[in-house]
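Work through the exercises below with the sequence and the model at hand, and try each task before reading its solution.

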Amino acid sequence: MAKSPVNGTLVWYYSICRRQVWLMSRQLTPDEDDSNVVYGRYLHNNAYVRDKHEVAIGSIKIDLIRGAGGSLMVGEIKKSSRAEESARLQLLYYLYVLEQDYGVKTKGLLLFPEERRKEEVVLDDEGREQVERAISDIEAIVSESKPLPPTRVRWCKVCAYAEFCWA
């Protein structure tokens, strides 16, 4: 069986903009000098410094791992809760992969350091269905020979991919 092209980044973009999924799958990266991208990178590197950061497990890269008293929790750091739906789906995807591929059942933690807010995420049956549907849709998007046409969504005004769509 061929390896799935799906990863956490594509799952994140899936809830934001399906066109971005296709662009990112082709290694057409967003503007690395975009202020949102730069700040997100800074925050990722400087928040929660006491925890283990950027842990690669197979095909996934988890932002943060916390362990205490024999329990494990994986975390996803985001600069804002404005895209909380995307962040939650990305974290559910990580929990799904850990469970399906490694037999590890654990909880997740969405972290919004700027807002001093965190939210626990648990993979339940509804979350599994959501992740499986996203994986299937992403595989279909990535298999297309051309990207979906640009569609204005609420994220366009702050999108680092704007010139790919609207230039």
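A salt bridge is counted where a side-chain nitrogen of Lys or Arg lies within 4 Å of a carboxyl oxygen of Asp or Glu. This is a predicted model, in which local features need pLDDT of at least 70 and side-chain atom pairs count only at pLDDT 80 or more, while totals for chains, interfaces and linings use all residues. Residues are numbered from 1 along each chain as its sequence is written, and side-chain values use heavy atoms, with hydrogens and water left out.

**Exercise 1.** Find how many salt bridges a search of the whole structure gives, and describe the one that glutamate 76 forms.

Solution. The search of the whole structure finds nine salt bridges. Glutamate 76 pairs with lysine 78, and their closest N and O atoms are 3.1 Å apart. To judge the surroundings, take buried as under 20% relative accessible area, exposed as over 50%, and partly exposed as in between (1.4 Å probe, protein chains only). Glutamate 76 is buried because its relative accessibility is 2%, and lysine 78, at 13%, is buried as well.

**Exercise 2.** Trace the salt bridges of arginine 117, beginning with glutamate 84.

Solution. Begin with glutamate 84 and arginine 117, whose salt bridge has its closest N and O atoms 2.6 Å apart. This pair links distant parts of the chain, since glutamate 84 is in helix α4 and arginine 117 is in strand β5 (residues 117-121), 33 residues apart. Helices (H or I, at least four residues) and strands (E, at least two) are DSSP runs, numbered from the N terminus. Glutamate 84 counts as buried at 17% relative accessibility, whereas arginine 117, at 29%, counts as partly exposed. Next, arginine 117 also meets glutamate 115 in a salt bridge of 3.6 Å, N to O, and glutamate 115 is partly exposed, with a relative accessible area of 34%. Finally, salt bridges that share partners join Glu84, Arg88, Glu115, Arg117 and Glu119 into one network.

**Exercise 3.** Decide whether arginine 19 is buried or exposed, and state which residues it touches.

Solution. First locate arginine 19, which is in helix α2 (residues 18-25). Arginine 19 is buried yet has no salt bridge, and the nearest side chain of opposite charge, glutamate 163, is 11 Å away; here Lys and Arg count as positive and Asp and Glu as negative, while His and the chain ends are not counted. With contact meaning heavy atoms within 4.5 Å, arginine 19 touches Pro147, Leu148, Pro149, Pro150, Phe164 and Cys165, not counting residues up to four places away in sequence.
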